[in-house]
Amino acid sequence: MMSDRLTPTAISRVLDRVLHTVQKPARYTGGEWNSVVKPWDQIPYKIALVFPDTYELGMSNLGLAILYDIVNRQPDMLAERVYAPWLDMEAVMRREGLPLFSLETRHPVADFDIVGFSLPYEQLYTNVLNLLDLAGIPLRSAQRTSAHPLILAGGSAAYNPEPMHAFFDAFVIGEGEEVLLEIVRAYGDWRESLHGQPEASTEARQDLLRRLARIPGVYVPSLYAVSYAADGTLRAIQPLVPEAQLPVVKRIVPVLPPPVTRFIVPYLDTVHNRAAIEIQRGCTRGCRFCQAGVVYRPVRERPVDEVLAAIDAIVADCGFEEVSLLSLSSSDYSAIGELVRRIVARHGASKLSIGLPSLRIESFSVELMDLLEKGRRRSGFTFAPEAATDRLRDVINKPIATEALLRVAEEVYARGWTTIKLYFMIGHPTQTAADVEAIADLAWEVMKIGRRVLGGKAKVRVGVSTLVPKPHTPFQWCAMADEATIRAHIDLLRQRLRGRNFHLNCNDPRATLMEAFLSRGDRRLADVIERAWRLGAKFDAWEDVYRHDAWMQAFAEHGLDPDWYARRERPLGEVLPWDHISVGVSKRFLIEEYRHALQGAVIDDCREHCFSCGILGQFKALRRAAPDAAWGCPPLGRGKERQPVDVHPIPLYYNEEMSPNLAAVAGPRVPQRARRRADLPQPVPK
Ligand code: SF4
């Protein structure tokens with residue numbers, strides 16, 4: 001787009017003068033190894049990829065790195081990066097009249113054709129507004145014309161797009177790899193069709209939005225009307241034009257695209273200063289609090305050879321000393337043993353360190369980590385039981401017996417790790433004070449084992465967060481715990497977990513409340529978000545910057561109650577603000593799972609039995625097109641037995657304390673665990 005904004009040369013001139021006055025100037029210089037600079041004037045389609053938080057966080061976001069790679073591989077497109085300037089830099093930019101600019105060529109963001117925001121979490125919403133303002137782009141979609149860039153968003157927070165509906169022209173629901181290119185092509189067709197039309201036209205803009213709405217997985221909020229009942233709940237969400245899909249079904253890729261291997265190498269330390277390879281997308285464990293476990297279904301695995309080749313290429317192209325293998329549940333990657341063995345054979349003698357997060361609490365995980373970290377300093381081993389009693393772990397469908405956890409803890413200390421990190425959540429449905437006490441008891445048990453094995457060197461770090469019942473999970477109907485209860489439970493843990501080598505970290509309940517009302521909110525929150533930003537809220541994920549007062553004032557001014565959104569149990573029949581967004585998992589399955597939770601019933605990993613969550617029905621054609629080994633779901637029409645959720649023996653077992661009668665009928669959980677372990681790759685010999 002043509003503009004009378006500052007040129008890149010003029011922007012550079014100002015930066016030369018001011019950058020030495022701000023913290024970490026390397027956040028704003030660009031020019032890093034592997035960044036892609038294309039000739040601006042020769043490329044027809046220009047896309048700014050924005051991470052609305054600091055450079056250090058944004059550079060660690062794999063989703064944006066994937067899109068950057070995909071777009072820059074297209075000869076007629078360029079992608080450049082934009083991050084949120086920190087407060088000091090923002091003050092300088094506003095003082096100097098500097099617009100928000102890209103790192104690669106320093107073009108103003110408003111000069112791009114498409115601006116795509118990554119929204120992995122809700123605390124970024126006010127930063128989006130701040131960045132649009134810094135870019136000189138009208139905040140609201142309705143105020144923009146065809147002369148403005150198209151403003152898009154995608155990422156986990158977009159699974160409930162409604163609170164931000166007013167600010168984005170369109171949302172990408174699901175995986176963006178293919179959709180983004182389709183959007184650019186649709187944009188190109190639209191631009192060609194513009195001959196003779198005025199530059200700044202709202203009608204032309206409307207035409208573009210209707211074209212985008214035809215692309216599967218694209219949600220254009222302005223093409224839907226929302227109505228409310230007298231009690232403030234939603235009555236309906238209805239399309240206004242034929243192009244608007246209902247529901248908008250998320251997009252997935254049938255097979256994981258080739259991994260990024262030319263990572264940009266930063267000049268300053270970032271949050272995850274390493275390369276990352278996604279070994280598997282999706283998770284079949286079915287933890288009931290976990291949004292990622294639902295929205296990233298189905299499981300798709302990357303072949304071992306592809307992972308190994310990517311590690312080699314990353315070492316050659318980037319020089320990173322650390323590569324992280326990403327997955328929601330690494331232990332469930334079907335060839336995890338083989339992968340680790342072959343990595344160790346190839347890179348064991350080098351300085352390359354391999355991160356393998358999200359392992360299950362079992363001996364096999366300790367074996368794997370032992371192999372990967374041989375000869376290196378061992379800092380911490382992480383367990384995420386999420387609840388401290390067997391009963392509550394059944395409610396959340398993360399069944400691991402306390403006894404087994406303690407056995408693994410002993411192994412961890414015995415093999416030389418000095419610190420065990422334990423992650424828990426408080427506020428799960430049916431949780432009692434005894435379940436919270438049990439967190440302290442369990443942490444002390446682990447510490448006692450550590451002291452027995454290692455003496456005074458043993459450390460335990462405990463992280464406690466509060467459950468935010470997230471959209472699209474079986475807990476989406478639950479209320480978040482009230483603040484007094486959360487504070488009482490945190491106080492209890494603070495009192496109980498004092499002592500040498502204990503470290504306790506708890507989330508601020510006010511920040512959790514914000515995450516809850518934003519993730520569970522409806523369209524009325526757009527005004528609240530804008531008001532909170534105008535009152536000074538930004539960088540809401542940063543504890544020392546977060547302005548709770550601004551949020552509360554914004555709610556009060558709009559006559560809304562944050563607790564109504566966050567702490568209200570919702571009846572199963574209520575229309576939820578995200579009901580028109582489909583992640584492919586049926587509501588029927590989520591309701592069954594909610595009921596199972598309240599009964600303390602556990603279901604197994606769905607690689608063992610398919611529970612007909614809805615994914616296979618939704619993505620039948622893609623499943624047929626993908627090789628059988630690529631998906632964790634069974635092949636269609638053959639192979640594994642399908643297990644409908646409403647037929648015995650589901651749930652696989654019931655917690656005896658909660659459902660004594662059903663426990664007798666359904667039997668113990670042991671057989672599934674044992675059979676699964678028999679199928680696992682054997683532990684690698686030391
Ligand atoms: S379709 Fe079956 S196997 Fe696939 S994610 Fe759903 S329950 Fe699991």
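Biologist: What classes of residue make up the shell around the ligand?
Modeller: There are eight nonpolar, one polar and one charged. Ala, Val, Leu, Ile, Met, Phe, Trp, Tyr, Cys and Pro count as nonpolar, Asp, Glu, Lys and Arg as charged, and the others, Gly among them, as polar. This is a predicted model, where local features need pLDDT of at least 70 and side-chain atom pairs count only at pLDDT 80 or more, while totals for chains, interfaces and linings use all residues. Residue numbers start from 1 along each chain as its sequence is written.

Biologist: Which residues are around the ligand, then?
Modeller: Thr-284, Arg-297, Pro-298, Cys-606, Cys-610, Phe-611, Cys-613, Ile-615, Leu-616 and Cys-633. To get on that list, a residue needs its C-beta atom, placed from the backbone, within 6 Å of the molecule. Check the classes yourself: Arg-297 is the charged one and Thr-284 falls under polar, because Arg is on the charged list and Thr is on neither list.

Biologist: What kind of peptide bond runs from Arg-297 to Pro-298?
Modeller: A cis one, with omega near -5 degrees. Pro-298 is in the loop between α8 (291-295) and β12 (300-301). Those labels are DSSP runs, numbered from the N terminus: helices are H or I with at least four residues, strands are E with at least two. Another cis bond joins Leu-246 and Pro-247, with omega about -5 degrees.

Biologist: Why is Pro-221 called buried?
Modeller: Count C-beta atoms, placed from the backbone: 20 or more others within 10 Å of a residue's own means buried, 12 or fewer means exposed, and in between means partly exposed. Pro-221 has 25, so buried is the right word. Its place is in the loop between β6 and β7 (224-228).

Biologist: What does Pro-221 contact, leaving aside its neighbours within four places in sequence?
Modeller: Pro-161 and His-165. Contact here means C-beta atoms, placed from the backbone, within 7 Å. Arg-523 sits 302 residues from Pro-221 in sequence, yet their C-alpha atoms are 9.7 Å apart.

Biologist: Buried, exposed or partly exposed: what is Ser-612, and why?
Modeller: Buried, because it has 20 C-beta neighbours inside 10 Å, right on the cut-off. Ser-612 also has a positive phi of about 50 degrees, although it isn't a glycine. You'll find it in the loop between β20 (601-602) and α21 (615-618).

Biologist: And why is Ser-358 called partly exposed?
Modeller: Its count is 17, so it falls between the two cut-offs. Ser-358 is another non-glycine with a positive phi, near 55 degrees.

Biologist: What makes helix α16 (residues 509-519) mostly covered?
Modeller: Nine of its eleven residues are buried, including Pro-509, Met-514 and Phe-517. The buried ones pack against several elements, among them α5 (125-135), β17 (459-466) and α15 (483-496).

Biologist: How do you know that β1 (residues 45-51) and β2 pair?
Modeller: Pairing takes at least two bridges found by DSSP. These strands have seven, in the parallel sense, so they qualify. One of the matches sets Ala-48 opposite Glu-80 in β2.

Biologist: In what order do the six strands of the open sheet come?
Modeller: β2-β1-β3-β4-β5-β6, with mixed pairing. β2 (77-83) and β6 (218-219) stand at the edges: each has a single partner strand, so one side is left without a neighbour in the sheet.

Biologist: How many bridges join β10 to β13 (residues 322-326)?
Modeller: Four, and the strands run parallel. Glu-278 stands opposite Leu-326 in β13. In β10 (residues 275-278), Ala-275 and Ile-277 point one way, Ala-276 and Glu-278 the other, and all are buried.

Biologist: How many residues are in the largest nonpolar core?
Modeller: 188. Such a core is a set of buried Ala, Val, Leu, Ile, Met, Phe, Trp, Tyr and Cys residues joined through C-beta atoms within 7 Å. Ile-47, Leu-152, Val-218 and Ile-439 have the most contacts inside it. Helix α14 (residues 433-454) gives the largest share, nine residues.

Biologist: Why is this core said to lie between domain 1 (8-242) and domain 2 (581-666)?
Modeller: Both domains give residues to the core, so it lies between them. The domain bounds come from an automatic or database assignment. As for Val-218, it touches Ala-170, Val-172, Val-179, Ile-183, Leu-212 and Ala-213, not counting residues up to four places away in sequence.

How values were computed: Two residues are in contact if their C-beta atoms, placed from the backbone, lie within 7 Å.
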